[in-house]
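Reader: Please walk me through this structure in questions and answers, beginning with its aromatic rings.

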Amino acid sequence: MPEVQSFSAKEIEGILHDYYVAYLSRQVSLIGRKEVLNGKAKFGIFGDGKEVAQVAMARQFRDGDWRSGYYRDQTFMIYAGLYSAEEFFHQLYGLTDVTKNKSHGGRSFNNHFSTPNMNADGSDMDLMAQKNSCADLSPTAAQMPRLIGLAYTSKLFRLLPDLQEFTELSNKGNEVAFGMIGDASTSEGHFFETINAAAVLQVPMALAVWDDGFGISVPRKLQTTKDSISDALRGFERTKDQDGILIYKAKGWDYWALRTMFEEGIAICRRDHIPVLFHVEEMTQPMGHSTSGSHERYKTPERLQWERDYDPIVQMRAWLLKAGVATESEIVAVEKRAEDEGKRARLSAWQLYQMPIRKDRDELVRIVGSKSCVCTTDKVDKVGQIVQELKAIANPIKRDNLSAAKRILTYICRTCSMREALQKDLNQYIRKHTDDNFKKYSTDIHNESPRGAIRVKPVAAKFSANPTMVAGREILRDNFDALLEKYPKLIVFGEDTGFIGGVNQTYEGLQKKHGNLRVSDTGIRELTIIGQGIGMALRGLRPIAEIQYLDYLLYALQPMSDDLATTHWRSVGQQKIPLIVSTRGHRLEGIWHSGSPMSMIINSIRGVYVCVPRNMTQAAGMYNTLLEGEDTALVIESLNGYRLREPRPENIGEFKVPLGVPEVLTQGSDVTLVTYGSCVRIAQEAVKHLSDFGISVELIDVQTLLPFDLGHTIVESIKKTNKVLFFDEDVPGGASAYMMQKVIEEQDAYLYLDAKPRTLAAKEHRPAYSSDGDYFSNPSADDVFEMIYGMMHEYKPEKYRGLFE
């Protein structure tokens with residue numbers, strides 16, 4: 001331990017600042033818990049017990065660095081200057097003013113942080129002028145996969161000369177990706193996959209494991225091999241002869257040892273691009289897991305006493321005195337300043353939260369005024385009752401005001417003289433607050449800036465009079481080649497993507513031409529392939545992450561659903577992730593390579609555009625659109641279309657297919673047939689067959705499921721045909737039912753139907769093996785023919801006799 005004379009005045013000032021931040025963080029946690037328990041806040045989860053270790057780590061956090069942590073990291077964020085005591089309470093109460101509650105405007109619960117990475121016009125922010133944090137999410141270990149991408153981006157900026165011109169995104173790759181995780185969450189597969197990928201890639205990832213001995217109530221010995229995550233990871237440890245990760249250990253209550261450890265380890269991580277794991281043991285959690293429970297239920301009296309004795313703030317305070325850094329009175333003064341700031345922050349935040357709500361309540365009370373209505377059957381003044389109940393609520397929320405207004409409106413009698421004026425005023429009040437709260441809670445699912453992908457202007461593919469017919473995969477390959485030339489920030493990676501050019505040769509020869517960092521292979525690790533893309537996109541690159549087959553997307557669905565799809569929304573449009581996930585799917589042979597779980601996908605990843613091109617030319621046009629825009633998207637290429645020959649466009653890399661715009665492939669007057677992807681070719685075969693029987697089918701390829709038919713093309717077709725069949729190869733009630741709901745309900749197509757709308761989908765089981773298995777599992781051209789012919793038979797039985805009569 002350093003002697004007193006070893007500290008300069010400046011060093012002492014810094015140490016006391018460290019103590020102030022740790023003590024302030026503890027104070028707001030204590031106050032915050034009380035605010036939940038007294039009903040002013042809904043739920044609270046805090047960083048108590050982690051304060052000293054996080055201060056020590058945050059000392060190494062620099063401009064340009066990135067953080068991917070979790071809901072215990074309030075002290076780190078306060079120390080980094082990215083979070084204030086007042087914002088702590090703004091988050092706790094759920095303030096929707098994004099200028100005050102900067103991380104998420106009340107869309108997440110407390111201790112979820114983020115920093116913007118885009119300007120209002122959608123352009124990149126100067127990420128080197130600020131410390132950066134991903135938008136936090138709660139699922140355990142879900143912060144791990146994107147750490148790979150955050151750290152790997154530094155490696156790319158260091159090794160790719162063409163990227164070094166983007167000085168607003170990186171200083172030659174010298175940035176570190178800081179990660180934090182609780183010890184219990186290291187049991188998740190996310191953690192181990194991330195550790196393995198970081199060790200293979202050798203990237204500057206600095207990961208701290210906060211170990212307080214429990215995962216809620218479950219002790220560490222029931223969670224972790226050898227009762228120690230650092231011991232369990234020794235096989236990953238870097239040696240003199242082999243790459244791997246560096247492993248450090250320290251006690252969570254030992255301020256100086258923590259400072260020394262983080263300073264040394266992160267310096268190596270930054271300089272040499274070596275991943276480092278910091279196992280911080282003997283931490284405490286003095287307030288338990290959250291406001292939902294009490295740790296006294298599962299910790300022994302002896303453990304509770306140990307936690308009181310080894311509380312890191314208690315230990316740091318004792319060290320300050322022992323090392324001669326400060327006197328008792330000086331420490332008390334620091335503590336008093338922190339306590340006062342915590343109280344001030346709570347009061348200021350509560351007033352700011354309550355003031356507009358109370359103002360809205362007063363407005364509603366004024367609208368109703370002295371008006372009352374006793375015309376109900378039980379002769380009770382319901383309106384007056386509702387107003388009095390609203391006024392009696394001690395801590396009103398927005399819901400109370402709007403719900404009261406709606407209920408008052410239902411009780412206004414048609415015969416009352418005050419009905420017309422009151423109804424008008426109430427309707428105006430309800431509309432105003434419904435619209436205001438839609439903006440506060442439901443906007444920014446996609447990129448709404450001028451750089452949004454749906455704003456990209458379409459450009460038609462150009463063909464010569466006698467176009468060259470080539471395999472579809474060659475169109476994709478040549479298009480990717482053009483895009484890699486055009487966009488220096490474009491990086492492509494995935495399983496078998498690099499050396500062999502993809503399982504269907506859509507990247508053939510591109511690694512050799514553009515280098516093994518721009519077109520690269522990964523391990524079989526779909527979860528962290530998505531995480532790698534998320535981190536890279538957050539830092540300003542334009543990644544395409546390859547998932548080899550659509551069925552394998554299930555491995556990656558959790559980060560796609562919880563992280564990728566929600567980031568733009570949960571950051572209130574302040575963080576963009578322009579990641580393109582590329583895969584291939586639909587019809588092949590066998591259970592595990594021919595699935596089409598579209599409904600599961602589209603309903604899990606709202607916030608991600610889903611493109612389902614029918615051929616490789618359309619797929620290429622969609623990639624071109626997405627790379628000109630800056631949205632998150634999934635492109636599902638037709639697995640059985642790579643070898644089919646298509647005319648080669650002359651404007652490779654330039655033509656663009658608009659999102660949300662279906663294409664009418666065949667004009668017709670009897671039935672509208674709606675489908676997408678590989679099913680289009682099946683539909684075309686059936687349409688030709690039906691034409692032999694005088695049945696005119698209007699065939700529509702929706703092209704994208706998200707967004708879906710923005711211009712209502714399909715309902716215009718139904719106005720003409722008065723009949724519709726939705727056809728795909730998902731399970732019954734899946735994507736075909738989704739399309740039906742969008743058209744029949746949202747587009748009001750039911751008004752124009754002469755027959756009930758139909759869906760045609762696959763069987764409820766997975767596709768069976770072999771061509772026969774496909775025929776009897778998935779809908780075929782015969783099935784499409786029979787269903788449409790049957791519809792026409794029901795409509796005009798005298799003209800279209802039953803097929804099997």
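**Rings, sheets and buried residues**

Author: A search of the whole structure finds 33 aromatic pairs (rings of Phe, Tyr and Trp, the last by its six-membered ring, pair if their centres lie within 6.5 Å; planes under 30 degrees apart count as stacked, over 60 as edge-to-face and the rest as tilted). This is a predicted model, where local features need pLDDT of at least 70 and side-chain atom pairs count only at pLDDT 80 or more, while totals for chains, interfaces and linings use all residues. Residues are numbered from 1 along each chain as its sequence is written, and side-chain values use heavy atoms, with hydrogens and water left out.

Reader: What is the angle between the planes of tyrosine 19 and tyrosine 23?

Author: Tyrosine 19 and tyrosine 23 sit 4 residues apart in helix α1 (residues 9-37), so about one helical turn separates them (helices, H or I and at least four residues, and strands, E and at least two, are DSSP runs numbered from the N terminus). Tyrosine 19 is buried at a relative accessible area of 1% (buried means under 20%, exposed over 50%, partly exposed in between, with a 1.4 Å probe and protein chains only). Tyrosine 23 is buried too, at 13%. Their ring centres are 5.8 Å apart and the pair is tilted, with the planes at 40°.

Reader: How many residues apart in sequence are the parts that phenylalanine 76 and phenylalanine 178 tie together?

Author: The ring centres of phenylalanine 76 and phenylalanine 178 are 6.0 Å apart with planes at 55°, so this pair is tilted. Both residues are buried. Phenylalanine 76 belongs to helix α3 (residues 74-79) and phenylalanine 178 to strand β3 (residues 177-182), so the pair ties together parts whose separation in sequence is 102 residues.

Reader: Which ring lies under the charged end of lysine 723?

Author: A charge sits over a ring if NZ of Lys or CZ of Arg is within 6 Å of the ring centre and within 35 degrees of the ring normal. The charged end of arginine 337 sits over the ring of tyrosine 20, 4.0 Å from its centre. For lysine 723, at 3.9 Å from the ring centre, the ring is that of tyrosine 795.

Reader: Which strands stand at the edges of the open sheet of 6 strands?

Author: The pairing in this sheet is parallel, and its order is β2-β1-β3-β4-β8-β7 (two strands pair if DSSP finds at least two bridges between them). A strand at the edge has a single partner, so one of its sides is left without a neighbour in the sheet; the two edge strands are β2 (132-133) and β7 (246-251).

Reader: What is the bridge partner of arginine 67 in β3?

Author: Strand β1 (residues 66-68) and β3 run parallel and are joined by 3 bridges. In β3, the partner of arginine 67 is phenylalanine 178.

Reader: Is β8 mostly covered or mostly open, and how many of its residues are buried?

Author: In a regular strand the side chains alternate between the two faces of the sheet. Val276, Phe278 and Val280 are buried on one side of β8, and Leu277, His279 and Glu281 are buried on the other. β8 is thus mostly covered, and the count of buried residues is 6 of 6.

Reader: Which residue of β8 is the bridge partner of lysine 251?

Author: β4 and β8 run parallel with 5 bridges, and valine 209 has histidine 279 as its partner in β8. β7 and β8 also pair in the parallel sense, over 6 bridges. Lysine 251 has as its partner in β8 glutamate 281.

Reader: Which backbone nitrogen does the side chain of glutamine 74 reach?

Author: Glutamine 74 lies in helix α3 and counts as buried at 0% relative accessibility. Not counting residues up to four places away in sequence, glutamine 74 touches residues including Ser25, Phe46, Gly47 and Phe88 (contact means heavy atoms within 4.5 Å). At 3.0 Å, its side chain reaches the backbone nitrogen of glycine 47.

Reader: Which strands are at the edges of the open sheet of 7 strands?

Author: This sheet has mixed pairing and the order β11-β10-β12-β13-β15-β14-β20. Each edge strand has a single partner strand, so one side of each is left without a neighbour in the sheet; they are β11 (519-521) and β20 (704-706).

Methods:
A polar contact is a pair of N or O atoms within 3.5 Å; within protein, one must be able to donate a hydrogen and the other to accept it, and residues adjacent in sequence count only if both atoms are side-chain atoms.
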